[in-house]
Amino acid sequence: MPSRPLIRSDTLSVITVMCNTVSQAVQFYVGVLGFNIRCDEEVNGERLVVATPANLVEFTPTGSLRFVQAKSERDKRAVGNQAGDSTFLQLESDDWDTLYERLHTMGVEFVNGKDEPREDKKQKYKACTILDPMGNKVNVIERTTTTLGKVFMMDVGHD
């Protein structure tokens, strides 16, 4: 029987994003949000693209996004509806001002037209909710040492 590791580190590895076209998802997540492509190849006749957050520190647990073109009727119903009416993803950035300016410059759609960030003066963070091109809600949050790990439960679901 193999020995068990002294320290365990389970991480979320890959999240599938159903999309109309892989290029549509890549244009948003890589072109607008600045994700890095980790894999872009053809596998079994289909394009496989995996992207990670831009400033990923390799030892930091993180999930990657895998973009899949919807083909079946079930897949097509999932496009833009990955989390129903809730927030699908949360992106935390330690360079809020740069990312927020890029969202405006690239013409990203803010939920309910609210393009001014929500600010929590007590917790000292800013956040906004945007739509990816498929219609999924993405929460964008300023990450600070005081908010790390706390913001999601307080902020998720806001319009």
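The side chains of K126 and D97 meet in a salt bridge, with 3.9 Å from N to O; by a salt bridge I mean a side-chain nitrogen of Lys or Arg within 4 Å of a carboxyl oxygen of Asp or Glu. K126 lies in strand β8, residues 125-131, and D97 in helix α3, residues 96-105, so the pair ties together parts that are 29 residues apart in sequence. Helices (H or I, at least four residues) and strands (E, at least two) are DSSP runs, numbered from the N terminus.

Before I continue, a word on the source. This is a predicted model, in which local features need pLDDT of at least 70 and side-chain atom pairs count only at pLDDT 80 or more, while totals for chains, interfaces and linings use all residues. Residues are numbered from 1 along each chain as its sequence is written, and side-chain values use heavy atoms, with hydrogens and water left out.

Let me return to K126 and D97. Is each of them buried, partly exposed or exposed? K126 counts as partly exposed because its relative accessibility is 22%, whereas D97, at 55%, counts as exposed. The classes are buried for under 20% relative accessible area, exposed for over 50%, and partly exposed in between, with a 1.4 Å probe and protein chains only.

How many salt bridges does a search of the whole structure find? The search finds four. Side chains of opposite charge can pair when their charged atoms come close. Two further examples follow.

In one of them, the side chains of E46 and K71 meet at 3.6 Å, N to O. E46 belongs to strand β3 (residues 46-52), and K71 sits in the loop between β4 (64-69) and α2 (73-78), so this salt bridge joins parts 25 residues apart in sequence. E46 is partly exposed at 39% relative accessibility, and K71 is partly exposed as well, with a relative accessible area of 48%.

In the other, R47 and D40 form a salt bridge through their side chains, at 2.9 Å from N to O. R47 is partly exposed at 37% relative accessibility; D40 is also partly exposed, with a relative accessible area of 41%.

E46, R47 and K71 appear again at a pocket. The second largest pocket is lined by V22, V43, N44, E46, R47, L48, R66, F67, V68, Q69 and K71. The elements that give two or more residues to this lining are β3 and β4, and β4 gives the most, with four residues. The volume of the pocket is about 220 Å³. On a 1 Å grid over the protein atoms alone, a pocket is an open set of points where a 1.4 Å probe fits, with protein on both sides within 12 Å along at least five of seven lines; lining residues have an atom within 4 Å of a point. Grid points are joined across faces, edges and corners, and the volume is the space filled by probe spheres set on the points.

What is the make-up of this lining by class? It has five nonpolar, two polar and four charged residues. Here Ala, Val, Leu, Ile, Met, Phe, Trp, Tyr, Cys and Pro count as nonpolar, Asp, Glu, Lys and Arg as charged, and the others, Gly among them, as polar.

F67, one of the lining residues, leads to the aromatic side chains. Across the whole structure there are five aromatic pairs. Among them, F28 and Y29 are edge-to-face, at 4.9 Å centre to centre and 90° between the planes. Y29 also pairs edge-to-face with F35, at 5.8 Å and 70°. Rings of Phe, Tyr and Trp (its six-membered ring) pair if their centres lie within 6.5 Å; planes under 30 degrees apart count as stacked, over 60 as edge-to-face and the rest as tilted. Ring pairs link F28, Y29, F35 and F67 into a cluster. F28 is buried, at 6% relative accessible area, and both Y29 and F35 are buried, with Y29 at 1%.

Strand β8 also holds Y125, which is buried at 6% relative accessibility. The C-alpha atoms of Y125 and E142 are separated by 5.6 Å, although these residues are 17 apart along the chain.

I turn finally to the cysteines and the chain as a whole. C19 is buried at 0%, and C39 is buried at 18%. With a disulfide taken as a pair of cysteine sulfur atoms within 2.5 Å, the count comes to zero. The protein chain has four helices and nine strands, in the order β-α-β-β-β-α-β-α-β-β-β-β-α along the sequence. Of its 159 residues, 35% are buried.
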